[in-house]
Amino acid sequence: HPAFRCPLVPGAPCVLSEETDGQVVFTRFDPLQGRSTEITRLPVSSLSFWDLSPDGRWIAFGKNAETSGRIRLLSLNGDPPRDIQVGDWTH
């Protein structure tokens, strides 16, 4: 299912996610101009949810799990990925 999010910061790009060939493709997106550059691809199996940080610097995603919770952060500015452990928050 295509979905997009836009940050609160003016001028920062929106992000579009689309599923294709078993992957979720994240692309920079302008609501008036359409898609631009691809950001990353992830296996569909690796995420159940995603969102864009309010400042537009990070894509946060995770997978519903039974035993542990983790949110993965991917930078749109070239910073290394980060993990946030959320303990017992699993779904």
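This passage describes the sheets, disulfide, core and selected residues of a predicted model.

Because the model is predicted, local features are given only where pLDDT is at least 70 and side-chain atom pairs only at pLDDT 80 or more, whereas totals for chains, interfaces and linings use all residues. Residues are numbered from 1 along each chain as its sequence is written, and side-chain values rest on heavy atoms, with hydrogens and water left out.

It is convenient to begin with the sheets. Strands are DSSP runs (E, at least two residues), numbered from the N terminus, and two of them pair if DSSP finds at least two bridges between them. Four strands make an open, antiparallel sheet in the order β1-β2-β3-β4. Its edges are β1 (3-5) and β4 (34-43), each of which pairs on one side only. On average, and with direction ignored, neighbouring strands here are turned by 25° against each other; for such angles, axes are lines fitted to C-alpha atoms, and values run from 0 to 180 degrees between N-to-C directions. Three bridges connect β1 with β2 (residues 14-20) in the antiparallel sense, and Phe-4 has Leu-16 of β2 as its bridge partner.

A second open sheet of four strands follows the order β5-β6-β7-β8, again with antiparallel pairing. Here the edge strands are β5 and β8 (82-87), each pairing on one side only. The average turn between neighbouring strands of this sheet is 20°, direction ignored. Four bridges link β5 and β6, with Leu-52 facing its bridge partner Ile-59 in β6. The hairpin of these two strands has five residues between them, and Gly-56 takes a positive phi near 75° there. Further along the sheet, β6 and β7 run antiparallel and are joined by five bridges; Gly-62 stands opposite Ile-71 in β7.

The structure holds one disulfide (a pair of cysteine sulfur atoms within 2.5 Å). The bond joins Cys-6 and Cys-14, with the sulfur atoms 1.9 Å apart. The torsion about the S-S bond is about 105°, so the disulfide of Cys-6 and Cys-14 is right-handed. The two cysteines can also be described by relative accessible area, computed with a 1.4 Å probe on protein chains only: buried means under 20%, exposed over 50%, and partly exposed in between. Cys-6 is partly exposed at 39%, whereas Cys-14 is buried at 7%.

What makes up the largest nonpolar core? This core, a set of buried Ala, Val, Leu, Ile, Met, Phe, Trp, Tyr and Cys residues joined through side-chain atoms within 4.5 Å, has 11 residues in all: Val-15, Val-24, Phe-26, Leu-42, Leu-47, Trp-50, Leu-52, Ile-59, Phe-61, Leu-74 and Leu-76. The elements that give two or more residues to it are β3 (23-30), β5 (49-52) and β6 (58-62). In β5, Trp-50 and Leu-52 form the covered face, while Phe-49 and Asp-51 form the uncovered one.

Val-24 gives a closer view of one core member. Leaving aside neighbours within four places in sequence, the contacts of Val-24 (heavy atoms within 4.5 Å) include Ser-17, Thr-40, Leu-42 and Leu-47. Ser-45, in the loop between β4 and β5, is exposed at 53% relative accessibility. The C-alpha atoms of Ser-45 and Val-24 are separated by 9.2 Å, with these positions 21 residues apart along the chain counted as their spacing.

Two buried serines have polar contacts to report, meaning pairs of N or O atoms within 3.5 Å; within protein, one atom must be able to donate a hydrogen and the other to accept it, and residues adjacent in sequence count only if both atoms are side-chain atoms. Ser-17 lies in β2 and is buried at 4% relative accessibility. The side chain of Ser-17 makes a polar contact of 3.0 Å with the side chain of Trp-50. Ser-75, in β7 (residues 69-75), is buried with a relative accessible area of 15%. The side chain of Ser-75 reaches the backbone nitrogen of Asn-77 at 2.9 Å and that of Asp-79 at 3.1 Å. Leaving aside neighbours within four places in sequence, Ser-75 is also in contact with Arg-57 and Trp-58.

Finally, Asp-21 sits in the loop between β2 and β3. Although Asp-21 is not a glycine, it has a positive phi of about 50°, and at 76% relative accessibility this residue is exposed.
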